[in-house]
Amino acid sequence: MIKVWADGAEAGLADRHGRRGSTFAYLPDAGTERAVSVTMPVRLASWNLEYGLTPIFEMNLPEGALRERLRLAFAKATGTFDEFDLLAVVGRSQVGRLRYTGRDDRLDEGVPFQSVDEILKARRDGDLFSHLIEKFAPYSGISGIQPKVLVRDPQASQALEAGAGRLSLSFRGATHIVKLWDPTEFPQLAANEYFCLKAAERCGLNVPRFRLAENGAALVVDRFDLRGDGTYRGVEDFCVLNARPTDEKYRGSYETTVIKRLGDFVDSPNLMADREKLFTLIALNAALRNGDAHLKNFAIVYDDVQGDARLAPVYDVVTTTVYLPVDKMALTLDGSTRWPEAKRLHRLGETRLMLTPGRIRDILMRIGDALSKTREEIQAYRRDHPDFSEVGERMIQQWEIGMQQSLKAAS
């Protein structure tokens, strides 16, 4: 049985249910502010699933290499290693406001220290990838196939403590996300994402602070869910908002499972601004040739589960066609996963996001300008980092194709 915490307070208990399912029940005295998700209000009846975990509890479970490392480390002790076991391991340190402990345990994240400067300057001898995975895997409740870990930078923790003027358990939590890459699968992935995020930033989108290690071995991203007082904002991806498990992250359309869901959960005063940001991000992903813009790579954030929600800052954006030349969009648009031409994006913006034709043209031009300026930086980085040269050249080629097809209207 697992105890679920919301905003540092006990919310309820989760347990296995039936042969392969799970159940969650709120504590009798849980107030409405203890709701674990915008999709799961506090109620007397339990929330039961016949298979797997509820999407909000599954949201941050590691995938790929990180999950396999944890399975190998803990399967002998548990006898099995299903999603419930995985949640018990990484539950104390998660993205967002939820935490998980044993039924009788107190909440104490206790993430080890790791200097971000050491990662960025590549001062550690040996294999950075193995070191970080080995040390931080049990503290890394964060999803994604790409290897990534949550770390606690001592300088950031000290700044939080000084700013808040008091010490709380939150200051033992992680302050940064470190993204790594396996050279045998996706070489130079950190630099790839770095320049994609640069382009997103130039488009005027909200992007958390991000830095690339000098040797390109890692991308360090500030947590956008971490508040100045050391507590965490709520984060819920669009798998959660669509009540879908992680393995259905590629099922759906941008029109319904993303755009419509945004309107269902973002309050009307902010909806128009967030619609414009969402359109910009969808169009940018098309121009970048990011075929991994699935339901888990869009999210909402909020400070109060009963209050206003906004579209989350940009995260997990890469040019996937560098590695998968025939890659397509992760979700459908107009019933197809083929890369959209500018005409289809115009129609999407006008009919689904209520943007004016003039505003759509301005956004697409801004994306084109952002990519052009960022391409210059890629060229400069290629000259100084020969190992990135081939990947950088492919990125530039793919961006040129994307700009011609998705940003420029046919004459």
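The paragraphs below walk through helix α12, its surroundings, the aromatic pairs and a helix crossing in this predicted model.

A convenient place to begin is helix α12, which runs over residues 357–384. With 28 residues at 1.5 Å a residue, α12 should span 40 Å, and its end C-alpha atoms lie 42 Å apart, which agrees with that expectation. The buried residues of this helix include Ile360, Ile363, Leu364 and Ile367, and further along Ala370, Leu371, Ile378 and Tyr381; Thr374, Arg375 and Arg382 are also among the buried residues of α12. Several elements cover these buried residues, including helix α7 (189–202), strand β8 (210–212) and helix α11 (342–351), together with α10 and α13.

Asp369, which lies in the same helix α12, has a relative accessibility of 47% and therefore counts as partly exposed, since buried would require a value under 20% and exposed a value over 50%. The C-alpha atom of Asp369 is separated by 9.1 Å from that of Ala199, although these two residues are 170 residues apart along the chain.

The aromatic side chains give another view of how α7 and α12 are related. Twelve aromatic pairs are counted in the model. In one of them, the ring centres of Phe195 and Tyr381 are 5.4 Å apart and the ring planes stand at 70°, so the pair is edge-to-face, a term that applies to planes over 60 degrees apart. This pair joins distant parts of the chain, with Phe195 in helix α7 and Tyr381 in helix α12, 186 residues apart, and both Phe195 and Tyr381 are buried. Another edge-to-face pair is formed by Phe238 and Phe298, with 6.3 Å from centre to centre and 75° between the planes. Here Phe238 belongs to helix α8 (residues 238–241), whereas Phe298 sits in the loop between α10 and β11, 60 residues apart; Phe238 and Phe298 are both buried. Phe195 and Tyr381 also take part in an aromatic cluster, which they form with Tyr194, Phe210 and Phe388.

Two of the elements that cover α12, namely α10 and α13, also meet one another. The axes of α10 (residues 268–288) and α13 (residues 389–407) come within 6 Å and cross at roughly 130°, and the two helices are therefore oblique to each other. On the α10 side the contact is made by Ala286, Ala287 and Leu288, and on the α13 side by Gln398, Trp399, Gly402, Met403, Ser406 and Leu407. Sorted by class, this contact of α10 with α13 comprises six nonpolar residues, three polar residues and no charged ones.

Conventions: Residues are numbered from 1 along each chain as its sequence is written. This is a predicted model: local features need pLDDT of at least 70, side-chain atom pairs count only at pLDDT 80 or more; totals for chains, interfaces and linings use all residues. Side-chain values use heavy atoms; hydrogens and water are left out. Axes are lines fitted to C-alpha atoms, for helices over the stretch in contact, and angles run from 0 to 180 degrees between N-to-C directions. Helices (H or I, at least four residues) and strands (E, at least two) are DSSP runs, numbered from the N terminus. Angles under 35 degrees count as roughly parallel, over 145 as roughly antiparallel, 65 to 115 as roughly perpendicular and the rest as oblique. Contact means heavy atoms within 4.5 Å. Ala, Val, Leu, Ile, Met, Phe, Trp, Tyr, Cys and Pro count as nonpolar, Asp, Glu, Lys and Arg as charged, and the others, Gly among them, as polar. Buried means under 20% relative accessible area, exposed over 50%, partly exposed in between (1.4 Å probe, protein chains only). The expected span of a helix is 1.5 Å times one less than its number of residues. Rings of Phe, Tyr and Trp (its six-membered ring) pair if their centres lie within 6.5 Å; planes under 30 degrees apart count as stacked, over 60 as edge-to-face and the rest as tilted.
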